[in-house]
Amino acid sequence: MQTGKGDIAFVRKFQDSDLDEVVNLANSSLTEYYGIDLIYDLARQWPDGFLVYQFGNRVAGFLAGSKYSTNEARILLLAVNRSYRRMGIGSTLVEDFTRICSHLGMMSMRLEVRVDNIEAIDFYKNLKFVIISTMKSYYSDSSDAHIMWRLIS
Ligand SMILES: CC(C)(COP(=O)(O)OP(=O)(O)OC[C@H]1O[C@@H](n2cnc3c(N)ncnc32)[C@H](O)[C@@H]1OP(=O)(O)O)[C@@H](O)C(=O)NCCC(=O)NCCS
């Protein structure tokens, strides 16, 4: 993808050199705290399921996935830098992750989202996710989480 500013933009697998940028992006976008060791461990657990969106020489967004079961994937973390939102980057990351899961024969995807994170809920609904249940006191501040789910087709 060629952006308006002439920067090259594309999705690729996470590299160790992305670690600081991804940790900063996670902690400036998400409400839980994610330490460098946790992010590094996630990338090691499933390297093909940890994607970054490179925009020029910056990481504009990332998605960390995991295998919930043999047939089901889980989006653990997803964030796009504020300056780059509403440009389709989050959708591109989810769609690319979906393709990776599909190639592995996975049938569905799930994720947890704060019940008050209306923007993210709308974003996921736009990508065909539906709310299937709600977990009480899921987050460290006792906020509830919706579980959202969709088929991979
Ligand atoms: C949620 C998030 C990843 C979306 O990333 P993004 O790159 O801005 O999303 P996209 O540009 O692909 O949006 C696609 C569509 O989703 C919906 N959407 C995205 N952001 C939205 C918002 N703030 N309010 C309402 N709908 C929204 C819209 O339908 C949008 O299409 P449109 O721009 O043509 O109207 C981003 O807002 C973010 O990083 N939020 C903070 C972290 C977070 O909440 N992560 C999810 C935790 S589970």
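Two strands are taken to pair if DSSP finds at least two bridges between them. With that in mind, this tour of a predicted model opens at a hairpin.

**The hairpin**

Select strand 2 and strand 3 (residues 58–67), which form a hairpin with 2 residues between the strands. In this hairpin Gly56 takes a positive phi near 65°. The two strands pair in the antiparallel sense over 6 bridges, and Phe50 stands opposite Ala64 in strand 3.

Keep strand 2 (residues 50–55) selected: 5 of its 6 residues are buried, so the strand is largely enclosed by the rest of the structure. Now add strand 1 (residues 9–13), which runs antiparallel to strand 2 and is joined to it by 5 bridges. Here Ala9 has Phe55 of strand 2 as its bridge partner.

**The whole sheet**

Extend the selection to the open sheet, whose 7 strands follow the order 1-2-3-4-5-7-6 with mixed pairing. Strand 1 and strand 6 (130–135) stand at the edges, each with a single partner strand, so one side of each has no neighbour in the sheet. Direction ignored, neighbouring strands of this sheet are turned by 25° against each other on average.

Next, select strand 4 and strand 5, a pair in the parallel sense with 4 bridges. Glu72 is found opposite Ser108 in strand 5. While the strands are displayed, recall that in a regular strand the side chains alternate between the two faces of the sheet.

**Helices 1 and 2**

Select helix 1 (residues 19–29), which lies across strand 2, strand 3 and strand 4. Its direction is at about 85° to strand 3.

Move to helix 2 (residues 36–45) and show its side chains. Which residues of helix 2 are buried? They are Ile39, Leu42 and Ala43. Viewed down the axis of helix 2, the buried residues fall within an arc of 95°, so they line one face of the helix. An α-helix has 3.6 residues a turn, so residues three or four places apart point the same way. The cover over the buried residues of helix 2 includes helix 1, strand 2, strand 3 and strand 4. Turn to the other side of helix 2, where Asp37, Asp41 and Arg44 are exposed.

**Two loop residues**

Most residues other than glycine have a negative phi. Two selections depart from this pattern.

Select Arg86, in the loop between strand 4 and helix 3. Although Arg86 is not a glycine, its phi is positive, about 60°. Is Arg86 buried or exposed? Arg86 is exposed, because only residues with 12 or fewer other C-beta atoms within 10 Å count as such, and Arg86 has 9.

Then select Ser142, in the loop between strand 6 and strand 7 (145–151). Its phi is near 75°, again a positive value in a residue other than glycine. Ser142 counts as exposed, with 8 C-beta neighbours inside 10 Å.

**The ligand shell**

Finally, select the ligand and the 20 residues around it, of which Arg85, Gly90, Ser91, Glu119 and Asp122 come nearest. Strand 4 (72–80), helix 3 (89–103), strand 5 (108–114) and helix 4 (118–126) each supply at least two residues of this shell. Which element gives the largest share of the shell? Helix 4 does, with 5 residues. Coloured by class, the shell shows 10 nonpolar, 6 polar and 4 charged residues.

Methods
Residues numbered from 1 in each chain as written. Predicted model: local features only at pLDDT ≥ 70, side-chain atom pairs only at ≥ 80, totals over all residues. Near = placed C-beta within 6 Å. Nonpolar A, V, L, I, M, F, W, Y, C, P; charged D, E, K, R; others polar. Buried ≥ 20, exposed ≤ 12 C-beta atoms within 10 Å, placed from the backbone. Axes fitted to C-alpha atoms, helices over the stretch in contact; angles between N-to-C directions. Contact = placed C-beta atoms within 7 Å. Arc of directions from axis to C-beta.
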